[in-house]
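Here is a friendly walk through one protein chain. Take a moment to look over the sequence and turn the model around before reading on.

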Amino acid sequence: MFYFLPCVKRRSSLKNVSDLFVMGGALVLESAALLHWLEREGYGPLGMTGISMGGHMASLAVTNWPKPIPLIPCLSWSTASGVFTKGVLSKAVNWRELEKQYCTQSVYEEEIMHLLEYCGKDSFKMGQDFVKNSPDSVDSLSHFKLAASIFRLNSSQKPLPAEPIQASGNSELVFQDDPKGTFIGQAMTGNLTSRLKREQAIRSEALQRESLLFMKGVMDECTHVANFSVPVDTTLIIVVQAKEDAYVPRVGVRSLQEIWPGCEVRYLEGGHISTYLFKQGLFRQAIYDAFDRFLQKYPM
């Protein structure tokens with residue numbers, strides 16, 4: 001069980017990345033138990049809805065229900081990975097701590113990464129290819145052990161050869177009349193130090209990119225709806241989305257219409273917060289419409 005240390009915003013009861021998965025799994029199980037209980041008690045028709053993370057949890061819960069059921073996820077999308085890697089909430093993640101864990105604990109590379117599965121253009125393998133082919137990355141993705149280059153220079157590393165420092169207009173070295181070579185040594189040392197700093201900065205950037213892509217891969221593995229069963233009747237699904245949602249990015253991820261053919265997506269003017277505050281009447285209308293469709297197709 002990987003744990004990823006404190007990463008969620010202040011005043012949140014979720015302290016670790018793994019808390020998100022534990023909470024999500026428990027909520028899906030709890031939803032299934034409640035639906036079975038309500039059905040046994042004679043209640044119906046039953047449906048699932050939620051807003052933001054609640055909408056995504058409702059979606060995952062319905063993928064585990066073996067019967068047609070209305071689903072109305074509001075202000076959520078096909079995966080939660082973008083919320084924590086690209087959306088507004090990504091600023092609340094303690095990336096420094098995650099990077100430290102990622103490069104110092106081999107379990108992430110040796111065990112967890114191999115469990116991640118490809119589920120479309122937005123999944124972890126695309127990130128692997130990006131890092132491997134990126135001209136800014138000095139190491140391939142198979143070499144994650146960058147702790148030494150981040151926290152200290154590797155003492156066993158051979159120094160890079162310093163280029164001769166020449167004067168403009170001729171080929172003679174600057175300060176060649178210095179009998180002890182003091183100035184030349186200082187210039188060469190400064191040149192070497194500058195190179196090492198640039199190399200360290202490039203490796204640090206590569207580590208940041210790789211740890212972020214690893215986080216995205218884990219989030220996609222656990223929250224991407226394409227990794228779950230398709231609901232029994234997708235025509236009973238009405239998705240409500242905000243056009244300017246900065247919390248739940250939709251760019252670069254698979255659409256729900258592609259994953260759940262037959263579902264309807266309704267786009268509202270506004271962002272994540274404004275639609276939550278001022279468009280809840282439209283959320284309720286979507287709920288009414290989804291239940292009406294259910295009653296027309298499956299009369300009680």
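Are Asp220 and Lys216 buried or exposed? Keep that question in mind while we set the scene.

What you are looking at is a predicted model. The protein chain holds 11 helices and 4 strands. Of its 300 residues, 41% are buried. The chain exposes about 16,600 Å², and carbon and sulfur atoms supply 57% of that area. Contacts across the sequence also say something about the fold: among those between residues at least 6 apart in sequence, 74% join residues at least 24 apart.

Now back to the opening pair. Asp220 and Lys216 are both buried. Their side chains meet in a salt bridge, with 3.0 Å from N to O. Both residues belong to helix H8, which covers residues 182-223, and because they are 4 residues apart there, about one helical turn separates them. The general idea behind such pairs is simple: side chains of opposite charge can pair when their charged atoms come close. A search of the whole structure turns up 9 salt bridges, so let us visit some others.

One of them is formed by the side chains of Asp233 and Lys297, at 2.8 Å from N to O. This pair links distant parts of the chain: Asp233 sits in the loop between H8 and strand S3 (238-242), while Lys297 is in helix H11 (residues 280-297), 64 residues apart. How do the two partners compare in their surroundings? Asp233 counts as buried because its relative accessibility is 8%, whereas Lys297 has a relative accessible area of 46% and is therefore partly exposed.

Another salt bridge joins the side chains of Arg266 and Asp289, at 2.9 Å from N to O. Here too the pair links distant parts of the chain, with Arg266 in strand S4 (residues 264-268) and Asp289 in helix H11, 23 residues apart. Arg266 is partly exposed, at 21% relative accessibility. This bridge does not stand alone: salt bridges that share partners join Glu264, Arg266, Asp289 and Arg293 into one network.

Helix H11 has now come up in two of these pairs, which makes it a good place to pause. Its 18 residues should span 26 Å at 1.5 Å a residue, and the C-alpha atoms at its ends are indeed 26 Å apart, so the two values agree. Which residues of H11 are buried? They are Phe283, Ala286, Asp289, Ala290 and Phe294. If you look down the axis of H11, these buried residues fall within an arc of 140°, so they line one face of the helix. The cover over them includes strand S1 (48-51), strand S2 (71-74), S3, S4 and H10.

H10 leads us to the surface. Within this helix, which runs over residues 272-278, you will find Tyr276. Tyr276 counts as partly exposed because its relative accessibility is 38%. Together with Ile273, Leu277 and Phe278, Tyr276 makes a nonpolar surface patch of about 440 Å².

For a contrasting view, turn to helix H2. Why can this helix be called largely enclosed by the rest of the structure? The reason is that 8 of its 10 residues are buried. The buried residues of H2 are Gly55, His56, Met57, Ala58, Ser59, Leu60, Ala61 and Val62.

Ser59 is a handy residue for exploring what surrounds this helix. Ser59 lies in H2, which spans residues 53-62, and it counts as buried because its relative accessibility is 2%. Which residues does Ser59 touch, leaving aside its neighbours within four places in sequence? Ser59 is in contact with Leu71, Pro73, Val225 and Trp260. You can also compare the position of Ser59 with that of Thr49: the two are 10 residues apart in sequence, and their C-alpha atoms are 8.0 Å apart in space.

Definitions and conventions. Residues numbered from 1 in each chain as written. Predicted model: local features only at pLDDT ≥ 70, side-chain atom pairs only at ≥ 80, totals over all residues. Heavy atoms only, no water. Patch = residues over 30% accessible without salt bridge, like charges linked within 9 Å, V, L, I, M, F, W, Y side chains within 5 Å. Areas by Shrake-Rupley, 256 points an atom, 1.4 Å probe, with all protein chains shown as cover. Salt bridge = Lys/Arg side-chain N within 4 Å of Asp/Glu carboxyl O. Helix = DSSP H or I, 4+ residues; strand = E, 2+ residues; numbered from the N terminus. Buried < 20%, exposed > 50% of the residue type's maximum accessible area, 1.4 Å probe, protein only. Expected span 1.5 Å × (residues − 1). Arc of directions from axis to C-beta. Contact = heavy atoms within 4.5 Å.
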